[in-house]
Every structure is written in C-alpha cells, then in structure tokens.
Amino acid sequence: MHVLTDNAGLLVRASGTTLLLSLGGGALAAIIGLLVGVARMAPVPILRRTGAGYVEIIRNTPLTVAFFIIVFVLPQLGVTIASYTLAAIITLGIYTAAFVAEAVRSGVNTIGRGQAEAARALGLSFAEGMRFIIIPQALRAVVPPLASVWIALVKNTSIAAGFGVLELTASSQRIFFLDPASVVSTLLWIAAAYLVIILGSAFGFRVLENRLGVAR
Amino acid sequence: MSTSFLYDPLGPRGMRRARQVTVGAGVLTALGVVLIARRLDSLGQLDHRRWAILFDPETGVPQVLWHGYIATIQAAAIAMACALAVGLILAIGRLSVHWPLRLVTGAVVEGFRSIPLLVLMLFTALGLPRLGLDLSLVHVVVLAVVAYNSSVLCEIFRSGILAIDKGQTEAADAMGLRRSLILRKVLLPQAIPKMLPVLTSQLVILLKDTSLGFVVGYTELLRSGRSLVEYYGSQYSLQLYLGVAVLYIATNFLISLFAKWLTSRQQHSRRSKSTSGTDIPLTPTRL
C-alpha cells in the first residue's frame, strides 16, 4: 500500500501519459486506418494494392521494431520529432492504423450489398456512397472489433516505456529501481491500473454497442 | 476483388481515370523515392560499404543477427507449443459444466488478457526471483509470452468451438459419447480448420511479442541488432534496424503463407471428397 501513497503524484501523472498516448495514438490510427481501409476496397487497383501493402507490412513488423525505426533511425535521416511522447503517439498511430483498417473492412463486409447498389442507382460515386451510405452503417458493426483494437492499443502504450516516455510501466520501473524490495507490489499495482483502464473502456464499448444496436 | 459489390466493373471512362490515378501515383512515388534517395545520399546512407556490413561475414554482423534470429525462433517455437496447449486447456475449462472451474479459468483469462505483456515480462524477470523462483532468460520470456498468448488463444478456441452447430454436440450426446470424446472426435476436428486464419495471425503476434525480450536482456533478434548499432555507431542504425525488420517481416509472411496453404489444401481435399460423394448416386444401378 505504501507504494501507492509514496508515489501518488508520479502514478497519477504516469496514468495521464498512458491515457494521452492511447487517445492520441487512437485518434491518429482512426484517421489513417479509415483512409487505408477505404483504399483497400477502392475501385482503383493501385489504391487497393497500396492499402493491402501497408496492412501486410505493418502487421508483420513488431511494434518494438517500429519504435526503434521512428525513434532512432529517423533522426539519422535528419528527421527529428520534437518529443519522445509525440514520437510514441506517431508510432502507435501508424501501427494501430493497420488493425483499424482491417476492422473497417470487416465492418463494410457486413453491410447488405443492396445498400451499395442502391447508392449507385442514385448516381452516387464510390467516394460519396462510402461517405454517406456505407461507412455510417459500417461504423456500428465495427464497434466490437474496434473495442479489441483499442484494448490492444492501451496495452501497447507500455512499450513506449523503453523509449523515453514516462508512462505507467516506466513509472513502475522508476519506483522499484529506487526500492527493489517493492518489485512485486509495484507491478501488481501497475497491473491493477491497466485493469481499471481496460475493463472500464471495455464496459464503455459494451454500452456503446448496445445503444447502436438498438438504433439499427 | 473484381467481384466486390461496392462498385461496378470499371467502364472505359473509369478505366481511363484509374489509369490516370495510377500514373499520377507512380510519378509521385518516383519523385518521393528520388527525393529520399538524394537525402540519404547526401547523408552518406547509400554508400555501399554501409550496406555491405549486413552481408560481410568478416564484420561479424551476419553471425550476430543469425544468432539473434535463432534465439527469437527458439523462444517463439517453445512459446507457440506451450501457448497452444495451455490455451486449449483453458478453453476446455471455460466450457466446463462445473461452474467453479469456469469461474477460475474465466478470471485467469480475463486478467492476463488485460495486462500489458511488458508488465508480465517485468514480473517474470524481476518479480519471480523476489518470490524465490529464478528462471533462465529464455524461460522468463517464454513464460510471459505464454501467459499472455494462451489467454488470447483460449478465447479463439472457445469461440471456434461455440460456433459449431449445437446439433453436433447433441447428436454425439445421444450416441452416448463422453464429453472428452465429443470434444476430441466431434468438435475440434470441425472447429480447428475454421479457426486456422485467426490462429495463425495470433501466432504471428506471438512471434512479434518475443521481441519484447530485449527489455529484460534476452539476446533475441532485436537486441542483437541494437547491440550491433551500439558497437558500430548510430550511423549504421538505418541498415541494421531495416535488416532486423526485414527478417521479422519475412518470417511472419512465411507463417501466414503456410497457413494459407494449409487452408487451401483442406478446402481442396474436402471438395474432392464431396465430389466423389456425389458420384455414387449418379452411377446407374441396374436392377
């Protein structure tokens, strides 16, 4: 218990950073993922191939390697990112986007083909049909897979600990570095903090799923 | 992909537009490549000696990367076997008719799925020795990876088994099969082929997860690459980390390819079986 009271300030700040990484990375991943997901289904072959290539390469690269490339290799090429936190958000966004794209694609596949055909019959172009007809409906079907992507993202933020970002996992390392006897209890508290964030957002997603399910 | 319901097959005008987009994208990509290449060249990154280090045995780089690669494969292979076994056992526990067993396995699975792997690995590396359990580094990595991935695999197995039509279980029940026999002879043989794609993508994730071993000091592929960068200086980081990434991507791609081959082979054999099945009534029987 003293681990918690002695380091309250550090732990609160670290939880905030974990949430910032998750939300920032999640927002970036949502934008890139939506674009890549739609590109994978586009009528223009080169867009499809680019989208598929992005997903294949990113999904087969360990996140740690992606971190190494963004944090250590890019500065060698003259591209420096202002802060470690920003670099972590960009890495998490680029990485998670591949999984968002897959979720979007599976969501679109659940939409009845009549919807796309009706959109075309009304004279909507592919982009218009996607924007006004398909994606708004697909977003509902996409909630459960996106929930697991989000949970994976929250857990993945822990990897930023190895790259200069003081989030929850890094703060635990700092605590038991100073007080080696507290390793077990510190890690248990950190695990509990992740459990709260993840089970909490899982509950939120379930509420969202039920509400959207009714609206359908 | 040409059968997508999202758009009609392209007409002449659409084809022309698609070609224009393709050419435009090609020009832009070429421009980007040239710009990046000039930038890399001005930084001396394209010097062939920089890249030769990846392949020249005299620098020791290929050997170190190879050792790291073997260590990664070793940890991943042990972890895959263990995680599949433990995951199946957990799934059986979650599907048990005894509620205490369901409760315990459910709590274990939900708990391990919600904790970041890195925290689990710090626990196996630093927490367990405190509790009087000293493991070798491979086992530290394998234990954490198994703890996490077996819970994920458990959920894959469980949903795969639950997706099998209920009539199958009921029919097997009616025939008087024991529950273990129903699972082994009726449910799993039908569920596993369907689960194969999800299962392989999880095994790819498992292989990628072993790269976290670098945090606790297990010299796998990523850590070997990193120590080489530390030894040769950070101006080689592009070449070395790119080499590491290519090794990971190639291995994972091979796993996915293998899974695709397995799936197609199964579908093939099923199809040929079913055609031979329809042959029987077609042969005219003389009375």
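**The interface of chains A and B, and the contacts around it**

In this predicted model, 55 residues of chain A are in contact with 48 residues of chain B. Between them the two chains bury about 4300 Å², with 73% of that area on carbon and sulfur atoms. On the side of chain A, the residues that lose the most area to chain B are Asn60(A), Phe68(A) and Gln76(A), which together account for 14% of what that side buries.

It is helpful to look next at the polar side of this interface. The rule finds zero salt bridges across the interface of chain A and chain B, whereas eight residue pairs are in polar contact there. Several helices of chain A give two or more residues to the side that touches chain B, namely α3 (45-60), α4 (63-76), α5 (84-109), α6 (113-121), α7 (126-141), α9 and α10. Of these, α10(A) gives the most, with nine residues. By residue type, the side of chain A that touches chain B divides into 38 nonpolar, ten polar and seven charged residues.

Salt bridges are found elsewhere in the model, and the count comes to ten over all chains. A good place to begin is Glu102(A), which forms a salt bridge with Arg59(A), the closest N and O atoms being 3.9 Å apart. Glu102(A) lies in helix α5 of chain A and Arg59(A) in helix α3, so this pair ties together parts that are 43 residues apart in sequence. Arg59(A) counts as partly exposed, at 27% relative accessibility. Glu102(A) also meets Arg105(A) in a salt bridge, at 3.7 Å from N to O. These two residues are separated by about one helical turn, because they stand three residues apart in helix α5 of chain A. Arg105(A) is partly exposed as well, with a relative accessible area of 25%.

Chain B offers a further example. The side chains of Arg158(B) and Glu155(B) meet in a salt bridge, with 3.2 Å from N to O. This pair is three residues apart in helix α6 (residues 137-162) of chain B, and is therefore separated by about one helical turn. Arg158(B) counts as partly exposed at 23% relative accessibility, while Glu155(B) counts as buried at 15%. Back in chain A, salt bridges that share partners join Arg40(A), Glu56(A), Arg59(A), Glu102(A) and Arg105(A) into one network.

Two loop residues of chain A round out the picture of that chain. Thr110(A) is placed in the loop between α5 and α6. A polar atom of the Thr110(A) side chain lies 2.5 Å from the backbone oxygen of Gly107(A). From Thr110(A) to Tyr95(A) there are 15 residues in sequence and 25 Å in space, C-alpha to C-alpha. Ser182(A), in turn, is found in the loop between α9 (168-178) and α10 (183-215). With 2% relative accessibility, Ser182(A) counts as buried. Leaving aside residues up to four places away in sequence, Ser182(A) touches Val3(A), Ile175(A) and Phe176(A).

Finally, the cysteines can be considered. A disulfide is a covalent bond between the sulfur atoms of two cysteines. The structure holds zero disulfides over all chains. For Cys82(B), the closest cysteine sulfur is that of Cys154(B), which at 16 Å is too far for a bond. Cys82(B) counts as partly exposed, at 32% relative accessibility, whereas Cys154(B) counts as buried, at 0%.

Technical notes. Residues are numbered from 1 along each chain as its sequence is written. Chains are lettered from A and ligands numbered from 1 in the order in which they are written. This is a predicted model: local features need pLDDT of at least 70, side-chain atom pairs count only at pLDDT 80 or more; totals for chains, interfaces and linings use all residues. Side-chain values use heavy atoms; hydrogens and water are left out. Helices (H or I, at least four residues) and strands (E, at least two) are DSSP runs, numbered from the N terminus. Buried means under 20% relative accessible area, exposed over 50%, partly exposed in between (1.4 Å probe, protein chains only). Contact means heavy atoms within 4.5 Å. A disulfide is a pair of cysteine sulfur atoms within 2.5 Å. Buried area is the accessible area (1.4 Å probe) that two parts lose on being put together, summed over both. A salt bridge is a side-chain nitrogen of Lys or Arg within 4 Å of a carboxyl oxygen of Asp or Glu. A polar contact is a pair of N or O atoms within 3.5 Å; within protein, one must be able to donate a hydrogen and the other to accept it, and residues adjacent in sequence count only if both atoms are side-chain atoms. Ala, Val, Leu, Ile, Met, Phe, Trp, Tyr, Cys and Pro count as nonpolar, Asp, Glu, Lys and Arg as charged, and the others, Gly among them, as polar.
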